[in-house]
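Work through the exercises below with the sequence and the coordinates at hand, and try each task before reading its solution.

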Amino acid sequence: MKKALITGGGSGLGQALALRYAKQGYSIYLVGRTENKLADTKEQIEKQGGQAETLTADITNWDSVQSLAKQVGPIDLLINNAGVGFFNTIENLEKNEIDTMVDVNVNGLIYTTKHLLDHVIQANGRILNIISTAGLYGKVQESAYCASKFAQRGFTESLQKELADENIAISAVYMGGMNTPFWDDSDYIDDPSVLPSPDDYAKQIVEKDDGRAEIHVE
């Protein structure tokens, strides 16, 4: 059975992608820091007849990701989905907010890819990096968030070139905001319910996941 590993698999887009890929016949590794959220996704997958395993890890911690890599075998699909954002003018952003965005969005992506890359190569697999349109152009009150997302874009595009001779595919995934718990602690979006649902985006991602360099969903 094909294996997919999804970071941030306990809620939002990560959960929606896990459910969608499980229906495609993948056994899912659900990775995140909160076991009860991962367990909820696992239960939903099993209710629809799929298979899943929960693995708690902090992707911002080098040793934690290294330990994660030792717990899994070949990976047909690695989805770097975990992300965080804080939205404010640069004058009003707090240090811990900036540091968290860099740790999760940049270091977390790089650590996870580095430690799991051999597993993907073994399976001649694919990597999907969930980036956001914030990695394509600057936005008001998103300077530091965009900086982290531009970094993800640069990392992904460089990786595509660096690994061009390997039999794997690496895709950058771009989408706008969606109605997820991402906005729970923010008043940046007045009414998140008007945004597309995670499943709306997950459906499009699965349909377009054919090894192309960029996946754009709307």
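**Exercise 1.** Find the elements against which the buried residues of helix 1 pack, and establish how far this helix is enclosed.

Solution. The buried residues of helix 1 pack against strand 1 (3-7), strand 2 (27-32), helix 2 (35-47), strand 4 (77-80), strand 5 (126-130) and helix 6 (198-208), where contact means heavy atoms within 4.5 Å and the elements are DSSP runs numbered from the N terminus (helices H or I, at least four residues; strands E, at least two). The model is predicted, with local features requiring pLDDT of at least 70 and side-chain atom pairs pLDDT 80 or more, while totals for chains, interfaces and linings use all residues. Residues are numbered from 1 along each chain as its sequence is written, and side-chain values use heavy atoms, leaving out hydrogens and water. Ten of the twelve residues of helix 1 are buried (under 20% relative accessible area, 1.4 Å probe, protein chains only), so the helix is largely enclosed by the rest of the structure; among them are Gly12, Leu17 and Tyr21.

**Exercise 2.** Compare the end-to-end distance of helix 1 with its expected span.

Solution. The expected span is 1.5 Å times one less than the number of residues. For the twelve residues 12-23 this gives 16 Å, and the end C-alpha atoms lie 17 Å apart, which agrees.

**Exercise 3.** What does the pair of phenylalanine 87 and tyrosine 145 tie together?

Solution. Phenylalanine 87 belongs to the loop between strand 4 and helix 4 (95-122), and tyrosine 145 to helix 5 (residues 143-162), so their pair links parts 58 residues apart in sequence. Phenylalanine 87 counts as buried at 12% relative accessibility, and tyrosine 145 counts as buried at 9%.

How values were computed: Buried < 20%, exposed > 50% of the residue type's maximum accessible area, 1.4 Å probe, protein only.
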